[in-house]
Amino acid sequence: MSRPIILGIVGDSAAGKTTLTRGIAQVLGPENVTLICTDDYHRYDRQQRAETGITALHPDCNHLDIMQQHLALLRTGQPILKPVYSHKTGTFEPPQYIKPNKFVIIEGLLGYSTRAARDAYDVKVYLAPPESLRADWKIKRDTQKRGYTKEQVLAELEKREPDSEQFIRPQRQWSDIVVTFYPPNDNETENGGHLNVRLILRPTIPHPDFTQILHPDNDDSESPVRLGLDRDMGKPVDVLEVDGHATLEQVNKIEHVMCNDMPYLRNVCDREINPELGKIAGTTGETLQSYPLAITQLIVTYHMLKATQGHS
Ligand code: G6P
């Protein structure tokens, strides 16, 4: 039997990890997916952190050694006894026995921070929304779901910034795909969910050949779907951008490139690619309806399926 395929979704607090994770699990079929959130590997509970001043973003605040051991076990198809951190109470609960399904999605703050952890993934995604949008998302989520006031969230964001800079953001360099959802106008925050997406595709994994339909840097910069060449953290990358107002026809072209060498994906597209795909409820309950989200989910799913072919 082949081993599970492991996807990493890493990014700062409230960067959209859970929303993207859920969407991809939906496309792969929830029954095929094991979801793991690395917040469960926090070393200190909420009260201990408040007393000492350490933030959840600091490596010392997490059992990264155990996390990487568990990743290695999951990669070879073995079960783990996973700790459980409750966001509701800020304390730990009894551990859970987890047996990996065909696909494992690991989301969290520090998933790429050690070499051994990085080696465990087949596909690595990093979420990098603009900081202003992330702050909006965090305020929304933490006030609605986690019982904090807006002032507390803003104070927390400020307190965590040094750790974000030192430990979270550098992990972007290890990802295969950097996902940035952003509002169409710079000074505008999310309006009705019509975000654009910028996907940085590093040559660390073989991406679908979008040059069949889009021409890098030759293209009409006004088009809602664009392919370009750029550099990210000093390295050359391809960049696929899909605007929130892209049409179904434009989105279909991108899908067809992926579906052509991925039969299962064709089924998914036939079933799901319509105005409904990409309609995923975020953790705050609001609906993010978008083709940009749909395309992001499909590209990540494409790579998960490719990985299954790699070692069957
Ligand atoms: C943020 C992060 C979580 C982390 C939490 C811990 O909200 O997004 O990943 O677990 O901080 O802080 P807490 O609010 O539970 O004390």
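How many residues does helix 5 have, and what span does helix 5 reach from its first C-alpha to its last? In this predicted model, helix 5 covers residues 131–144, a run of 14 residues. Its end-to-end C-alpha distance is 20 Å, close to the 20 Å expected at 1.5 Å a residue.

The helix belongs to a protein of 312 residues with nine helices and 12 strands. Of these residues, 53% count as buried. Among contacts with a separation of 6 or more, 69% join residues 24 or more positions apart. The accessible surface of the protein is about 14300 Å². Carbon and sulfur atoms contribute 50% of that surface.

Helix 5 buries Leu133, Arg134, Ala135, Trp137, Lys138, Ile139, Arg141 and Asp142. These buried residues pack against helix 6 (150–168) and strand 7 (177–182).

Arg141 of helix 5 is buried and also faces the ligand: one of its polar side-chain atoms lies 3.3 Å from a ligand oxygen atom. Polar side-chain atoms of two further residues lie at 2.9 Å (Arg49) and 2.5 Å (Tyr85) from an oxygen atom of the ligand. Taken alone, the ligand exposes 380 Å², and the protein buries 96% of this area. Helix 2 (46–52) and helix 5 are the elements that give two or more residues to the surrounding shell.

The ligand has 14 residues around it. Ser13, Asp39, His42, Tyr85 and Tyr148 come nearest. By residue class, the shell holds seven charged, four nonpolar and three polar residues. Tyr85 thus appears both in the nearest group and in a polar side-chain pairing with the ligand.

Definitions and conventions:
Residues are numbered from 1 along each chain as its sequence is written. This is a predicted model: local features need pLDDT of at least 70, side-chain atom pairs count only at pLDDT 80 or more; totals for chains, interfaces and linings use all residues. Side-chain values use heavy atoms; hydrogens and water are left out. Helices (H or I, at least four residues) and strands (E, at least two) are DSSP runs, numbered from the N terminus. The expected span of a helix is 1.5 Å times one less than its number of residues. Buried means under 20% relative accessible area, exposed over 50%, partly exposed in between (1.4 Å probe, protein chains only). Contact means heavy atoms within 4.5 Å. Accessible areas come from the Shrake-Rupley method with a 1.4 Å probe; for residues, only the protein chains shown count as cover. A residue is near a molecule or strand if one of its heavy atoms lies within 4 Å of it. A polar contact is a pair of N or O atoms within 3.5 Å; within protein, one must be able to donate a hydrogen and the other to accept it, and residues adjacent in sequence count only if both atoms are side-chain atoms. Ala, Val, Leu, Ile, Met, Phe, Trp, Tyr, Cys and Pro count as nonpolar, Asp, Glu, Lys and Arg as charged, and the others, Gly among them, as polar.
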